Amino acid sequence: MRKQSKWTKGIAMAAIAAMSVAMLAGCGSNAEQNGSKQDVSDGQTYKVGVVQLMQHGALDQANQGMIDGLKDNGFEEGKNLKIDQQNAQGDQSNLQTIAQQFISNEVDIILAIATPAAQVMASSTADIPIVGTAITSFEQAKLVESDEAPGTNVTGTHDMSPIAEQIDLLLQVVPDAKTVGTIYTSSEKNSEVQVAILEEVAAEKGLTVEKRTISSVNDIQQAAQSLVGEVDAIWLPTDNNVASAMPQVVGVTDEAKIVTVCGEESMVYAGGTITYGINFYKIGYDAGVMAAQILKGESVPAEMPIQGPKQEDLKLVINPVSVENIGIEIPSELMEQATLNTEQSE
């Protein structure tokens with residue numbers, strides 16, 4: 001119960017916040033927190049290359065957050081900003097092509113969304129500033145020398161989930177759980193980092209972990225089905241392939257009556273059961289603010305510490321449709337504290 005009290009205070013505050021969809025619509029509040037919009041009137045039009053690994057809810061939110069962070073700090077498309085938006089569709093060769101395109105076009109800064117996207121951009125140029133987001137560990141992805149002092153042309157915001165608190169949450173929802181399953185992409189360094197932490201946390205709590213690795217979204221359904229009958233609940237990291245294929249995961253877990261504890265809230269909006277996790281719009285917004293500081297000449301990536309999710313932005317989200325489909329009862333104290341996802345239709 002000591003762990004619960006640590007994060008319950010945070011979720012009590014977060015419960016009164018708007019859901020992520022509303023946050024996207026009402027992003028002006030961020031501008032208020034950072035003061036009025038700043039005017040950058042040096043007459044220059046800055047070229048920004050934005051590369052997103054693939055399309056799914058979390059990365060889409062991070063992308064919008066970055067653009068809004070720039071806008072609220074004086075950089076707006078059509079005024080003093082030209083944005084080249086690129087989506088690699090999860091393809092490594094596309095990332096290489098995009099990187100060369102940005103270099104040829106002499107962009108002033110690159111915004112990279114997700115670990116593989118940032119890794120390819122960083123391996124392609126050591127000169128153009130790169131601000132990344134939706135990256136679990138900049139250090140372990142070898143993008144920076146350290147979070148405190150990057151020492152390279154890369155900086156940004158990480159998306160490390162509060163994994164220990166998520167497993168505490170899992171045990172509140174499935175108190176008799178003995179075995180926890182997980183699915184992740186073997187080639188995603190960010191997922192490997194999270195699963196390693198999961199195994200440490202699980203060992204401390206006497207839980208066994210059943211792992212299933214995938215190489216693409218095509219493996220998702222089979223991996224989920226292979227966990228049925230083997231696990232008492234499933235924990236899902238902020239893995240890009242898993243996040244983009246949540247309907248396939250949920251199609252298996254709902255039928256098998258298995259709770260899915262997700263790494264972040266957009267996965268719950270896509271059908272998962274519950275999370276106490278981060279909001280990707282917010283970490284994207286913070287990265288956009290960092291990018292604005294670089295464009296203004298106020299700092300350089302090498303000297304900008306990596307930032308992470310703020311405690312007040314962590315949020316308890318429950319999907320009542322999934323709860324009903326699985327046939328479980330959520331403790332009343334959690335229901336009272338949570339944001340309920342009412343977006344998913346049955």
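These exercises, each with a worked solution, walk through a predicted model of a protein chain.

## Exercise 1. The whole chain

Task: State how many helices and strands the protein chain has, and what share of its residues is buried.

Solution.
- Step 1. Start with the elements. The protein chain has 15 helices and twelve strands.
- Step 2. Turn to burial. The protein chain has 346 residues, and 56% of them count as buried.
- Step 3. Add the contacts. Take contacts between residues at least 6 apart in sequence: 74% of them join residues at least 24 apart.

## Exercise 2. Helix α7

Task: Find out how many residues of helix α7 are buried.

Solution.
- Step 1. Locate the helix. α7 covers residues 163-173.
- Step 2. Count. Ten of its eleven residues are buried, and α7 is mostly covered.
- Step 3. Name some of them. The buried residues include Ile163, Ile167, Leu170 and Val173. Glu165 and Asp168 are also among them.

## Exercise 3. Two aromatic pairs

Task: Classify the ring pairs Tyr46 with Phe75 and Tyr281 with Tyr285.

Solution.
- Step 1. Count the aromatic pairs. There are two.
- Step 2. Take Tyr46 and Phe75. Their ring centres are 5.4 Å apart and their planes stand at 85°. Planes over 60 degrees apart count as edge-to-face, so this pair is edge-to-face.
- Step 3. Place these residues. Tyr46 is in strand β1 (residues 46-52), and Phe75 is in the loop between α4 (57-71) and β2 (81-87). The pair therefore ties together parts that are 29 residues apart in sequence.
- Step 4. Check burial. The cut-off for buried is under 20% relative accessible area. Tyr46 has 7%, so it is buried. Phe75 has 1%, so it is buried.
- Step 5. Take Tyr281 and Tyr285. The ring centres are 6.3 Å apart and the planes are at 35°, so the pair is tilted.
- Step 6. Place this pair too. Tyr281 and Tyr285 both lie in helix α13 (residues 280-295). They are four residues apart, about one turn of the helix. An α-helix has 3.6 residues a turn, so residues three or four places apart point the same way.
- Step 7. Check burial again. Tyr281 is buried at 0% relative accessible area, and Tyr285 is buried at 1%.

## Exercise 4. Three helix packings

Task: Describe how α9 packs with α11, α5 with α6, and α4 with α13.

Solution.
- Step 1. Begin with α9 (residues 220-227) and α11 (residues 246-256). Their axes come within 9 Å and cross at roughly 25°. Angles under 35 degrees count as roughly parallel, so α9 and α11 are roughly parallel to each other. The crossing of α9 and α11 is right-handed.
- Step 2. List this contact. α9 gives Ile220, Gln221, Ala224 and Gln225, and α11 gives Gln248, Val249 and Val252. The contact of α9 with α11 has four nonpolar, three polar and no charged residues.
- Step 3. Move to α5 (residues 92-104) and α6. Their axes are 9 Å apart, at an angle of about 45°. α5 and α6 are therefore oblique to each other. α5 passes α6 in a right-handed crossing.
- Step 4. List this contact. Leu95, Ala99 and Phe102 are among the residues from α5, and Pro116, Val120 and Met121 are among those from α6. The contact of α5 with α6 holds nine nonpolar, four polar and no charged residues.
- Step 5. Finish with α4 and α13. Their axes are 6 Å apart, at about 35°. The crossing of α4 and α13 is right-handed.
- Step 6. List this contact. Residues of α4 including Ala62, Met66 and Leu70 meet residues of α13 including Tyr281, Tyr285 and Val289. By class, the contact of α4 with α13 has twelve nonpolar, six polar and one charged residues.

## Exercise 5. Thr115 and Ala134

Task: Place Thr115 and Ala134, and list what each touches beyond four places in sequence.

Solution.
- Step 1. Place Thr115. This residue lies in helix α6 (residues 115-124). Thr115 is buried, at 2% relative accessible area.
- Step 2. Place Ala134. This residue lies in strand β4 (residues 130-135). Ala134 is buried, at 3%.
- Step 3. Follow the contacts of Thr115. Thr115 touches Ala134, Ile135, Thr136, Ala141 and Asn190.
- Step 4. Follow the contacts of Ala134. Ala134 touches Leu59, Ile113, Ala114, Thr115, Thr157, Asp159, Phe280 and Ile283.
- Step 5. Add a distance. Ala134 and Gly156 are 22 residues apart in sequence and 9.0 Å apart in space, C-alpha to C-alpha.

Note on methods. Residues are numbered from 1 along each chain as its sequence is written. This is a predicted model: local features need pLDDT of at least 70, side-chain atom pairs count only at pLDDT 80 or more; totals for chains, interfaces and linings use all residues. Side-chain values use heavy atoms; hydrogens and water are left out. Axes are lines fitted to C-alpha atoms, for helices over the stretch in contact, and angles run from 0 to 180 degrees between N-to-C directions. Helices (H or I, at least four residues) and strands (E, at least two) are DSSP runs, numbered from the N terminus. Angles under 35 degrees count as roughly parallel, over 145 as roughly antiparallel, 65 to 115 as roughly perpendicular and the rest as oblique. A crossing is left-handed if the near helix is turned anticlockwise from the far one by less than a right angle, and right-handed if clockwise. Contact means heavy atoms within 4.5 Å. Ala, Val, Leu, Ile, Met, Phe, Trp, Tyr, Cys and Pro count as nonpolar, Asp, Glu, Lys and Arg as charged, and the others, Gly among them, as polar. Rings of Phe, Tyr and Trp (its six-membered ring) pair if their centres lie within 6.5 Å; planes under 30 degrees apart count as stacked, over 60 as edge-to-face and the rest as tilted. Buried means under 20% relative accessible area, exposed over 50%, partly exposed in between (1.4 Å probe, protein chains only).
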